[in-house]
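Colleague: Could you take me through the ligand site in this one? Go slowly, and start wherever you like.

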Amino acid sequence: MQEQAALYFERLFEKDDELERVLDVMRQQGMPEISVAPGYGRLLTLLVRLKQPRRVLEIGALGGYSGICLLRGMPADGILTSLEIREDFAQIARSNIAMAGYAARSEMIVGPAAESLARLVQEGRQFDFFFIDADKENYPHYLAQAIALASPGAVVAADNTLLGGRTLNADKNGPSVQAMREFNRLIAQHPRLMGAHLPAYDGLALAIVK
Ligand code: SAH
Ligand code: MG
């Protein structure tokens, strides 16, 4: 039912040539097909358009698909900072973001996100919108760092909260699953957050930093 519903809604939208091209490039490069679901890509654009953040931080760039979705909604002076551990992926994301016309508004920081985040905190940087979508074991840590880097009222979005169903499966207790359960609990209960969970696709968490 969920997949049929996603397909039903997907067909209502006009073809997105720019994002299709990004996915083509990624396929040609043999990259994993784990870009954010198209429906959540549109939601990210919409949320950013509502929030009008000047500084957006994305953790996990892959091929730049979600980066382009975020940039599409941002104000003309908005800058997207993307953290990516793999130099080859960062290069492809950079190129795809440039092709979409956003080269001047994209900053790519290559390296383990935990280290990049520590540096951003040290530098006293602040962000108005976060998209967490990198290695799942570190989600609770990335959330803590996002709160540390958040301007008042900043928005946090995070992808893959269901881990393909493993989050719900009591027999699955690997490090990613345990971290995601903790992360999901924090979204619901953290005193600094007002959160919500969307169970469509692979699950998306949303929160506002109080
Ligand atoms: N946000 C992207 C998809 C990201 S997939 C989109 O929807 O278009 C997850 C990405 O996180 C991969 O590119 C992977 O290389 C990166 N990643 C994994 N571990 C990381 C780490 N420790 N630090 C930074 N990036 C990491
Ligand atoms: Mg994802």
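A close look at the ligand site

Modeller: Let me start with an aromatic aside: Phe9 is partly exposed, with a relative accessible area of 46% (partly exposed lies between buried, under 20%, and exposed, over 50%, using a 1.4 Å probe and protein chains only). Bear in mind that this is a predicted model, where local features need pLDDT of at least 70, side-chain atom pairs need 80 or more, and totals for chains, interfaces and linings use all residues. Residues count from 1 along each chain, chains are lettered from A and ligands numbered from 1 as written, and side-chain values use heavy atoms, without hydrogens or water.

The whole structure has four aromatic pairs. In one involving Phe9, the ring centres of Tyr8 and Phe9 sit 4.9 Å apart with planes at 55 degrees, so this pair is tilted (centres within 6.5 Å; under 30 degrees is stacked, over 60 edge-to-face, the rest tilted).

Now for ligand 1. Its surroundings comprise 20 residues, the closest being Val36, Gly60, Glu84, Ala113 and Asp133 (a heavy atom within 4 Å). By type, that shell splits into 12 nonpolar, four polar and four charged residues.

As for polar contacts (N or O pairs within 3.5 Å), the side chain of Glu84 puts an N or O atom 2.6 Å from a ligand 1 oxygen. Backbone atoms join in too: a polar one of Gly60 is 2.8 Å from a nitrogen of ligand 1, and an N or O of Ile85 is 3.2 Å from a ligand 1 nitrogen. Of the 580 Å² of accessible area that ligand 1 has on its own, the protein covers 90% (Shrake-Rupley method, 1.4 Å probe).

Key
Polar contact = N/O pair within 3.5 Å; in protein donor to acceptor, adjacent residues only side chain to side chain. Nonpolar A, V, L, I, M, F, W, Y, C, P; charged D, E, K, R; others polar. Phe/Tyr/Trp six-rings, centres within 6.5 Å; stacked < 30°, edge-to-face > 60°.
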